[in-house]
Amino acid sequence: MIRAWLMQHGFVFFLTLKRLIATPVTSLLSVIVMGIALSLPTGIYVFMENLQSISRETASSPQMSLFLKLDAQTEDIARIKQRLEEDSQIVSFQFVSKDVALHQLQLSNGLTDLTASLVRNPLPDAFIVHTLESAPETLEQLRAAMQNWPEIEHVQFDSAWIERLNALLKLGRFVVLMLATLLSVAIIAIMFNTIRMQILTKRDEIEISKLIGATDNFIRRPFLYFGTIQGLASGVTAWSIITFIIETMNVELVELVRLYDFDLQLQHLSLDDSISLLMFSALLGWLGARLSVASHLWQIEPG
Amino acid sequence: MITFKNVFKRYPDGYVALNNIDLTVESGEMVFLTGRSGAGKSTLLKLIAAIERPTSGTITISGQNIAQLKPGAIPYLRRKIGFIFQDHKLLFDRNVFDNVLLPLQISNFDNKTVASRVRAALDKVGLLKKEKSMPIALSGGEKQRLCIARAVVHRPNILIADEPTGNLDVEYARDIMAMFTSFNQVGVTVLIATHDASLLEDTQHRILSLKQGKLAA
């Protein structure tokens with residue numbers, strides 16, 4: 001009995017795949033539409049996860065960027081270097097000269113046109129400083145002190161930036177939630193309509209099946225499979241879109257962040273998140289199909 | 001055994017299709033139902049399979065009251081019945097084999113035995129060589145035989161045929177009647193509605209005739 005039941009489900013699964021393949025354009029279009037809809041909130045989520053991990057990393061090793069004035073001379077640089085070495089609160093620092101910065105910018109792909117059009121080097125010399133303490137007050141004191149050093153244009157204190165970022169992330173999470181809710185409703189609506197059209201074209205089959213003793217479950221099953229498989233496929237599409245974007249962005253980003261000795265690689269969705277995405281998309285497809293079947297199937301009664 | 005007691009059927013538009021029907025068909029019996037178009041033959045057959053529900057009265061099949069059957073129980077009643085529809089009701093998007101397979105899929109038969117069952121049914125109606133054909137490519141007689149194969153493949157206790165020889169010539173009609181007789185000989189209860197008088201000329205089976213929704217003596 002269980003074997004027969006499994007066979008039945010296997011049969012419906014392959015029947016559904018056959019139907020999907022039988023109308024490749026329609027199937028592909030709805031999968032793409034739903035995939036793009038899903039990729040939007042997921043993409044923002046991934047972006048935020050990355051921002052958050054950056055903020056976490058930075059918080060654990062406090063870091064300041066010292067930007068020198070554009071007219072700073074070699075002697076000024078040497079003087080600052082010396083002061084940094086003497087300061088007991090500073091663990092390590094690294095110098096990025098404006099020539100190095102520009103050179104690296106010129107080497108990087110896609111930015112050649114931009115750098116070629118520059119009349120003079122707009123980049124400042126900079127120091128990247130790692131501090132011993134991570135308490136905001138200590139860092140603030142240090143920042144204020146360094147801001148008063150000669151030839152320093154600006155000291156960027158990253159934890160202030162992180163606080164702002166965290167507030168922004170909170171807002172972002174809200175946006176993701178809203179977008180995800182709205183687009184989930186959209187996906188359910190798309191699925192609802194797709195299944196409605198299918199039920200209309202399968203009218204004869206449904207009626208005949210009912211006439212020869214099919215239960216409602218039997219009739220529902222292929223539509224539910226269809227919805228679930230299409231939902232899952234759009235989840236895979238969304239996942240692929242995001243992977244593609246992250247891979248492409250990483251190539252560009254690597255060039256850019258190397259300039260300021262900032263190790264930044266966009267992280268992809270975690271395994272857990274990926275599984276959640278796929279399960280959620282399958283669930284949406286199933287739900288759309290289930291609602292559609294519930295509201296249309298009873299209309300087809302043989303008589 | 002199929003029993004009708006005081007069965008009325010009035011359609012929503014007010015048309016009375018069956019008027020106080022009392023009727024008993026014993027298990028293993030073969031019965032003909034005649035009458036003009038509109039006399040209520042199709043309605044009576046549909047009531048047995050719960051395709052239509054009676055306005056009043058009771059219909060029992062092996063002791064079960066069909067008139068009070070819950071919607072969820074109807075599929076299981078229909079699986080005990082093989083129904084041959086006037087308009088065939090074949091699925092034109094699948095081949096002969098898959099059309100006959102449908103009742104077995106619906107009843108959750110084990111996949112090991114289904115193929116041999118389908119072929120046995122097709123063999124009985126002489127369509128074994130056409131199992132890969134699509135219904136659209138079949139002649140009228142072949143479509144009718146396909147419909148019979150689908151009705152008997154799950155070995156129902158009751159076989160119901162609504163005008164099974166409708167548009168067929170005499171030769172084909174005789175073939176098909178012979179098939180019904182052979183099913184009846186293995187114990188299947190057979191009900192056949194027909195307005196074709198030539199089928200009834202030399203039959204020894206009971207003939208019920210309907211006239212304006214009433215059974216004539």
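In this predicted model, 18 residues of chain B are in contact with 18 residues of chain A. Two helices of chain B, helix 2 (74–78) and helix 3 (96–106), each supply at least two residues of the side that touches chain A. Helix 3 of chain B gives the largest share of that side, 4 residues. By character, the residues of chain B that touch chain A divide into 9 nonpolar, 4 polar and 5 charged.

Now turn to the sheet of chain B. Here 4 strands form an open sheet, and their order is 2-1-4-5. The pairing is antiparallel. Which strands stand at the edges? They are strand 2 (16–25) and strand 5 (64–65) of chain B. Each has a single partner strand, so one side of each is left without a neighbour in the sheet.

Strand 2 of chain B pairs with strand 1 (residues 2–10) of chain B. The two run antiparallel and are joined by 6 bridges. One bridge can be located by residue: Arg10(B) has Val16(B), in strand 2 of chain B, as its bridge partner.

Chain A comes next. It holds 10 helices and 4 strands. Read from the N terminus, its elements run α-α-β-α-β-α-α-β-α-β-α-α-α-α. The chain has 303 residues, and 26% of them are buried. How do its contacts spread along the sequence? Take the contacts in chain A with a separation of 6 or more: residues 24 or more positions apart account for 86% of them.

Definitions and conventions. Residues are numbered from 1 along each chain as its sequence is written. Chains are lettered from A and ligands numbered from 1 in the order in which they are written. This is a predicted model: local features need pLDDT of at least 70, side-chain atom pairs count only at pLDDT 80 or more; totals for chains, interfaces and linings use all residues. Two residues are in contact if their C-beta atoms, placed from the backbone, lie within 7 Å. Ala, Val, Leu, Ile, Met, Phe, Trp, Tyr, Cys and Pro count as nonpolar, Asp, Glu, Lys and Arg as charged, and the others, Gly among them, as polar. Two strands pair if DSSP finds at least two bridges between them. A residue is buried if 20 or more other C-beta atoms lie within 10 Å of its own, exposed if 12 or fewer, and partly exposed in between; C-beta atoms are placed from the backbone.
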